[in-house]
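Student: I'd like to practise reading sheets and helix packing on a real example. Can you walk me through one?

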Amino acid sequence: MERNEPLCKPTFCDVDVRQYREQTKISHHWVHCRMGKGKCKQCGKALQGKLSFGSKETVAVSCAWCKHSYHNKDSCFNPERTGEECDLGKHRSIVVPTSWIVKLPPKGNFKSSLRKALQKRKKANKKPQEAEEPRTFIIKPIPTANITPVLVFINPKSGGNQGAKLLQKFQWLLNPRQVFDLTQGGPRMGLELFRKVPQLRVLACGGDGTVGWVLSVLDQINFSPPPAVGVLPLGTGNDLARSLGWGGGYTDEPIGKILENIGSSDTILLDRWNLKVTPNEAATEKAADGKENLPLNVVNNYFSLGVDAHIALEFHEAREAHPEKFNSRLRNKMFYGQAGGKDLLKRKWKGLAEFVKLECDGKDLTPKLKEHKVHAIVFLNINSYGGGTHPWNKSGGQFEPATDDGMIEVVGLTTYQLPLLQAGGHGTCIAQCKSATIVTSKTIPMQVDGEACKLKPSTIELTLLNKAVMLAKKKPGRANVPLEKLESLNVKLAKIIMSDYEQHHYDKELLRQAAVDLGTLDLPVTDLEQLRNIINKFSEEQPDSPKLSSDWCFIDSCTAERFFRIDRAQEHLHFLTDIATDCLFVLEQECPTMPQTPQKEFSSTPKSQISLESIANGESSKIGVSSPSNVKLHGLSLDETVAMDPKKSDARDLHEPSSNRKLPERGVSADNFGIDQSLDQVVNFKSNLLEKTTDVLIRAAKTGNLALLKELHFQGYSLLSIDSTGQTALHHGARGGHKDIVRYLISYAPNTIINMIDNESGQTALHKAVANKHRSICYMLVAGGANLNIQDQKGQTVRMLAAKMDDYELESYLEISTERLPKQHMRPDGGVRRCIPVR
């Protein structure tokens, strides 16, 4: 196989956001190796590299995913293997597949096209100093019983900087997108990203503080169900790792073996305790320098006060001052031994019991502390303390200590007992309790899981917070705690009608507001094909809830910056968690039609009898308003429109008695103009629509003054009024982006206004909207019946104009609208029959 330019292995799915479920296959990613390990998969012979600094000959070809290797010769490696599907190797059960990680388009480029992408690259080449906006990712897991992905968090500074080496090894064996450096923003980003992944496990590589950090973030983001957390010990004490069976420190064990142990580990529960600190106002002694709060308010391992906390505080201060002196576990332990020897001689905290009052489960144990003259009080949640010692004597308690028994062990230590702990000694067993209260009257050093500080006189309440799920090394005979599974989601079901979707699908918030609530139900985490049957049944069983038609589809509301529809043919590929969080949106695709304004409401009057009052009085020349008879439609003048066959007109309705007339269901109503006008007045104005024109109506459309436009319309001024350039109010409303004006004109003006062209450029209102990139206006005009094939004086259709304006999203929409338009919706003039949103 010829050596090609090396490429990084693909770690995510880089396709259109709508098509991420269409490509779930993972192919081998072959890389050339100058030195090989192991044996050839084909011939079984060892892979040996040539020890030559000048030679660049590749000995083997290896897959970066499954790690299968072959000799780089035709007899062993067939080039046809290049496109074969990869099974991800022996760690397939914990590797996050690339098809689960979807790369999102940049903001504002939801429906990016090839031409637009090429244009962006050209612009980037012209301005290399402007960095592109970083693209984000979203996880779309496919629930699979035999996959338990592991999320890895590494602290590179832990354990003498061992983490930096392990980071690269984990990235090589796993998907690099599931390995996170904790110095780059902490664990929150990774946990938020993978929170929808079922059966997730977390591996925290660092000290006990790293594990506590991850557990605290899980609490903060309310991760449910919580993942099980394992530990790779890279810290100094590593007491939590010891109690879980992972050992006291990492000793160059193969990473592959560690991953195998994580994949087959046991799940146990760990009690976590809350510390509530309040100042002790009753303290009489003047408080020395100290803090008012502890560094941590949650205990995972232990909480102590006294001489041991004083040693931990000295270690922390020394490491902050000279970090280069604390780059190995052995040096750290030597410092602890030296500081302990000094305190043994000084005996500074021999009178600790005089400044501390202790209550366990409501029982005062202060006399016991004074009796044993303790120098330190330790609250143990695990069986390991101070780097592997066991202060609690099993014979000293009523119950066998356990990590999930809801009880914490209280131990008293003296300066003499501290060094004996390293030789297998024990402290003084004080109590086993479910809650404790400590009252101090002096500034005393304290530590929580190794984080130390001096605390001013305070009252500290210790209570059980919750139980975390932890990963313990496999132990025969131990019962595993069953992990919670996300069997179902309680979601709200909401319906969006097509007209709202077409107008507002670029704005999530507007669509949420326009959605109709259909109720709340529990839905299983399954594919959308099965959910459709459940939702249809639910809709039928709700007598008071709005019904769904047979032609509805699912909407993805959580993947991209905008809502988009899920193709019904792909519903079996998508799952509930892919498209919804707390609310599931469905789209009602049947567009309810609105009673139309009579298209030829003035056609029953002969052409010779039509007289515009303003023109007869000579007002037209004064105000610059042209007669509508000068306006041309596409292939049809207004004079010809007026003279059309009166038999087909709806004007007969206007000559009926007012008592027999009815307003259209969603047409003109008293609400549109004011509650003081009678229904007769509202109807009568329609017979005189073309009797008066005014430039004030044009001005109202230009400025977006809907109230003035309605008032003029009620007073009998024509909505077909034009200015000296032949532009109607719809032209100006579309050009200015005034949605309310356009919506009103589409609803209440004659249909002919949609395709009226101006005198200067021969453009319709849709041309104006496209030229100014008012997409919402374009959607409204298309839904209102605009002709998409009208050409202006330059021979440009609206789709050609959208391409000229570099608005490829709109061009795509207009192209699709033209292709998908059914023939039964076409009008004789080439436009479409209006389908107006009911409002």
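Student: Let me start with a pair of strands. How many bridges join strand 16 to strand 17, and do they run parallel or antiparallel?

Tutor: Before that, keep in mind that this is a predicted model. Strand 16 (residues 408–413) and strand 17 are joined by five bridges, and they run antiparallel. If you want a spot to look at, find G412, which stands opposite T428 in strand 17.

Student: Which sheet do these belong to, and what is the strand order?

Tutor: It's an open sheet of six strands, ordered 17-16-15-12-19-20, with antiparallel pairing. The edges are strand 17 (428–433) and strand 20, each with a single partner strand, so each has one side without a neighbour in the sheet. From one strand to the next the twist averages 20°.

Student: Moving inward, which residue stands opposite L380 of strand 15?

Tutor: That's E409 in strand 16. Strand 15 and strand 16 run antiparallel and are joined by five bridges. On the other side, strand 15 pairs with strand 12, again in the antiparallel sense and over five bridges. There, F303 stands opposite F379 in strand 15.

Student: How do I read the side chains of a strand?

Tutor: The general idea is that in a regular strand the side chains alternate between the two faces of the sheet. Now try it on strand 15 (residues 376–380): A376, V378 and L380 point one way, I377 and F379 point the other way, and all are buried. Five of its five residues are buried, so the strand is mostly covered.

Student: And strand 19, which of its residues point which way, and are they buried or exposed?

Tutor: I444, M446 and V448 point one way from strand 19, while P445 and Q447 point the other way; all of them are buried. Because five of the five residues in strand 19 (residues 444–448) are buried, the strand is largely enclosed by the rest of the structure.

Student: What does strand 19 pair with on the strand 12 side?

Tutor: Strand 12 (residues 302–306) is joined to strand 19 by three bridges, and the two run antiparallel. F303 has V448 as its bridge partner in strand 19. You've met F303 already, as the residue opposite F379 in strand 15.

Student: How many residues lie between strand 19 and strand 20?

Tutor: Two residues, and the strands form a hairpin; D449 in the turn has a positive phi of about 55°. Five bridges join strand 19 to strand 20 (residues 451–455), running antiparallel. One bridge to check is I444, whose partner in strand 20 is L455.

Student: Let's compare another sheet. What is the order of the open sheet of five strands?

Tutor: The order is 23-22-26-24-25, and here the pairing is mixed. Strand 23 (516–524) and strand 25 (564–565) are at the edges with a single partner strand each, so one side of each has no neighbour in the sheet. Inside it, strand 24 (residues 552–556) and strand 26 (residues 583–588) pair in the antiparallel sense over four bridges. C553 has L587 as its bridge partner in strand 26.

Student: On to helices. Which residues of helix 6 are buried?

Tutor: In helix 6 (residues 255–263), they are I255, G256, I258, L259 and I262. Look down the axis of helix 6 and those buried residues fall within an arc of 160°, so they line one face of the helix.

Student: What numbers describe two packed helices?

Tutor: Two packed helices are described by the angle between their axes and the distance between the axes. Take helix 20 (residues 695–703) and helix 21 (residues 706–714): their axes come within 8 Å and cross at roughly 155°. That makes helix 20 roughly antiparallel to helix 21. The contact involves V696, L697 and A700 of helix 20 with L708, L709 and L712 of helix 21.

Student: At what angle do helix 22 and helix 23 pack?

Tutor: Helix 22 (residues 729–736) and helix 23 (residues 739–748) pack at about 145°, with axes 8 Å apart. Helix 22 passes helix 23 in a left-handed crossing. The residues that meet are A729, L730, G733 and A734 in helix 22 and I741, V742 and L745 in helix 23.

Student: One last residue: is H29 buried or exposed?

Tutor: H29 has 13% relative accessibility, so it counts as buried. You'll find H29 in the segment before strand 1 (30–33). Leaving aside residues up to four places away in sequence, H29 touches L7, C8, K9, P10, S62, C63, A64 and W65.

How values were computed:
Residues numbered from 1 in each chain as written. Predicted model: local features only at pLDDT ≥ 70, side-chain atom pairs only at ≥ 80, totals over all residues. Heavy atoms only, no water. Buried < 20%, exposed > 50% of the residue type's maximum accessible area, 1.4 Å probe, protein only. Pairing = 2+ DSSP bridges. Arc of directions from axis to C-beta. Axes fitted to C-alpha atoms, helices over the stretch in contact; angles between N-to-C directions. Parallel < 35°, antiparallel > 145°, perpendicular 65-115°, else oblique. Contact = heavy atoms within 4.5 Å. Left-handed = near helix turned anticlockwise from the far one by under 90°.
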